[in-house]
Amino acid sequence: MSGAATTFSGYERALVAADAAVDAELTQVGPGTPGGEYLRRFWHPVALSTEVKDLARAIRILGEDLVVFRDRSGRVGLLHRNCSHRRASLEFGIVAERGIRCCYHGWLYDVDGRILETPGEPATSTIKDNLRHGAYPAREYKGLVFAYLGPAAAIPPFPIYDTLDQPDDELVPYAIDYPCNWLQVNENPMDPFHSVFLHTRVTRAHFSPAWGALPIVAWHRMADDTGIVLTNTRRWNDYVWIRTAEWLAPNFAQPPDIYQDPDREKFFVRVAITKWHVPVDDTHCRILAWRHFSPSLDAGGRGNKGGVGLDKVDFIGQSGTERSYDEAQRLPGDYEAQVSQGPITVHALEQFGETDRGIALLRRMIREGIRVVKSGATPPRPALNADGLVPTNAGDVIFRVPRSNDDDALRRRLGDAVGRIVVESMALARAERQATVEHRVKELLAATVPGRG
Ligand code: FES
Ligand SMILES: [Fe+2]
């Protein structure tokens, strides 16, 4: 556009903005939309177990109004919210030994959508035999309720990730609502540069001052097309700190230790958070996640289990309810940066730089996934490791290496090498992988640092 580089161009820029549209393919989540169809090929967490008690709960997921409940025999159900009879909401239904009973005329629904009773109808009525109510498979796992909202014939296996089955690791579930489209929250983990600025230099250090060191970052598309792994390599005093982080399509991410300090050697300590960015509708989403508490994480003891749960997690700037507007302005966090982009951020109005390569790749992979599903094919699924779990790659490797004259080149080389070691070992069972990564990183160090090894 002419005049793009002139000053006082508010008028011209406003005209450009008025013309720009959201990317509907990437941001729509409702039934029948291309994005919604794609998202419906995966299991998603939909609630905390603690939210599903003796009363049914109205929730919205992927643009659908639903009700989640636990019947008196302990089974979790996820049904279309409005009764198949005359549309009363099942959030006012009464849970039964088996299923839930609509308050209005007593129709009883099983968790799979079968109609068990239509008590006001004559005994000869065949309504219940000929009609099914909308229902989705749901299951609870470690304090989260997961569901699959796609076609029943295409249901994928329920994925259990390697980081969810580690010794001495306590998983504390949490859920936080975001009043904005899922994609702008989902892409944040592939933007490690925001840690330097939002979390450190622009504000005060949310975590530790080392996060303000500018990293060398490389993003790698996984060979099986299931996601992205990045290496994020910082220099901090005598240490090189290599962080691998990941995003798995469509909406799963794992940040390593959020309270990491590069003050001692560590060989692939794993993640602080396992999370999903679940679309509620086009302009709302919900993070459903676990915080990990383990002796190998958070050596400084800054985490707080009590600060993790419904609408809260134990670091600053993560929800819209914890602070006043004023406080959020003085010390903004992820929530402010992501929600303030607007209900659905307009990609056409962004200006990408070198630091945004990961975001571009993530959007490209989601678009490819959407088109794969649109063509009638199945999106790629990760292979399992020797433990039968979905292997993941996020973690921290920290070691002492003297500063080099060309420290950027050194960091780039070490980051690439460690990234390769982590990814090449992902098929191994947990303990073997841990030993292999440590052994190979030490070999790398012996070859890099004179006198070491
Ligand atoms: S509206 Fe639910 S039973 Fe009639
Ligand atoms: Fe962040």
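These legends walk through several close-up views of the structure above, which is a predicted model.

**Close-up 1. The iron ion (ligand 2) is held by two histidines and an aspartate.**
Start by finding the iron ion (ligand 2) and then look for the atoms around it: NE2 of His194, NE2 of His199, and two OD atoms of Asp334. These protein donors lie 2.1 to 2.5 Å from the ion. Along the chain, the donors of the iron ion (ligand 2) are spaced as H-x4-H-x134-D. His194 and His199 are both buried. What is the geometry of the site of the iron ion (ligand 2)? With 4 donor atoms and angles of 55 to 142° among them, the site is irregular. Four donors would count as tetrahedral if all angles were between 85 and 135 degrees, and the range of 55 to 142° does not fit inside those limits.

**Close-up 2. A nonpolar patch on the surface is made of Phe197, Val202 and Leu214.**
Together, these three side chains offer about 280 Å² of accessible area. Pick out Val202, which sits in the loop between helix 6 (193-201) and strand 13 (216-221). Is Val202 buried or exposed? Its relative accessibility is 63%, so Val202 counts as exposed.

**Close-up 3. Trp43 and Tyr148 form a tilted aromatic pair.**
The whole structure has 18 aromatic pairs, and this view shows one of them. The ring centres of Trp43 and Tyr148 are 6.2 Å apart, with 45° between the planes. Trp43 belongs to strand 1 (residues 43-48) and Tyr148 to strand 11 (residues 144-148), so their pairing ties together parts that are 105 residues apart in sequence. Trp43 is buried, at 12% relative accessible area, and Tyr148 is buried too, at 0%. Both rings also belong to an aromatic cluster, whose other members include Tyr141, Phe146, Phe252 and Trp290.

**Close-up 4. Tyr178 and Tyr335 form another tilted aromatic pair.**
Here the ring centres are 4.9 Å apart and the planes meet at 55°. Why does this pair tie together parts that are 157 residues apart in sequence? Because Tyr178 lies in strand 12 (residues 170-178), while Tyr335 lies in helix 8 (residues 334-339). Tyr178 and Tyr335 are both buried.

**Close-up 5. A salt bridge joins Arg363 and Glu187.**
The structure holds 37 salt bridges. In the one between Arg363 and Glu187, the closest N and O atoms are 2.9 Å apart. This pair links distant parts of the chain, 176 residues apart: Arg363 is in helix 9 (residues 357-374), and Glu187 is in the loop between helix 5 (182-186) and helix 6. Are these two charged residues buried or exposed? Arg363 is buried, with a relative accessible area of 8%, and Glu187 is buried as well, at 6%.

**Close-up 6. Two salt bridges involve residues of helix 11.**
Begin with Arg440 and Glu424, whose closest N and O atoms are 3.0 Å apart. Arg440 lies in helix 11 (residues 430-448) and Glu424 in helix 10 (residues 407-424), so this pair ties together parts that are 16 residues apart in sequence. Arg440 is partly exposed, at 29% relative accessible area, whereas Glu424 counts as exposed, at 52%. Now move to Lys442 and Glu438, which meet in a salt bridge of 2.8 Å, N to O. These two are 4 residues apart in helix 11, which means that about one helical turn separates them. Lys442 is partly exposed, with a relative accessible area of 38%, and so is Glu438, at 29%.

**Close-up 7. Some loop residues have backbone features to look for.**
Ala249 and Pro250 are joined by a cis peptide bond, with omega at about 0°. Pro250 lies in the loop between strand 15 (239-248) and strand 16 (252-254). Asp168, in the loop between strand 11 and strand 12, has a positive phi of about 60° although it is not a glycine. Asn237 is not a glycine either, and has a positive phi of about 55°; look for Asn237 in the loop between strand 14 (227-236) and strand 15. Asp168 is exposed, at 61% relative accessible area, and Asn237 is exposed, at 52%.

Note on methods: Residues are numbered from 1 along each chain as its sequence is written. Chains are lettered from A and ligands numbered from 1 in the order in which they are written. This is a predicted model: local features need pLDDT of at least 70, side-chain atom pairs count only at pLDDT 80 or more; totals for chains, interfaces and linings use all residues. Side-chain values use heavy atoms; hydrogens and water are left out. Donors are N, O and S atoms within 2.8 Å of the metal (3.2 Å for Na, K and Ca); water is not among the atoms, so sites may look incomplete. Four donors count as tetrahedral if all angles lie between 85 and 135 degrees; four count as square planar and six as octahedral if opposite donors are over 155 degrees apart and all others between 65 and 115; anything else is irregular. Buried means under 20% relative accessible area, exposed over 50%, partly exposed in between (1.4 Å probe, protein chains only). Patches are made of residues with over 30% relative accessible area and no salt bridge: like charges are joined within 9 Å, nonpolar side chains (Val, Leu, Ile, Met, Phe, Trp, Tyr) within 5 Å. Accessible areas come from the Shrake-Rupley method with a 1.4 Å probe; for residues, only the protein chains shown count as cover. A salt bridge is a side-chain nitrogen of Lys or Arg within 4 Å of a carboxyl oxygen of Asp or Glu. Rings of Phe, Tyr and Trp (its six-membered ring) pair if their centres lie within 6.5 Å; planes under 30 degrees apart count as stacked, over 60 as edge-to-face and the rest as tilted.
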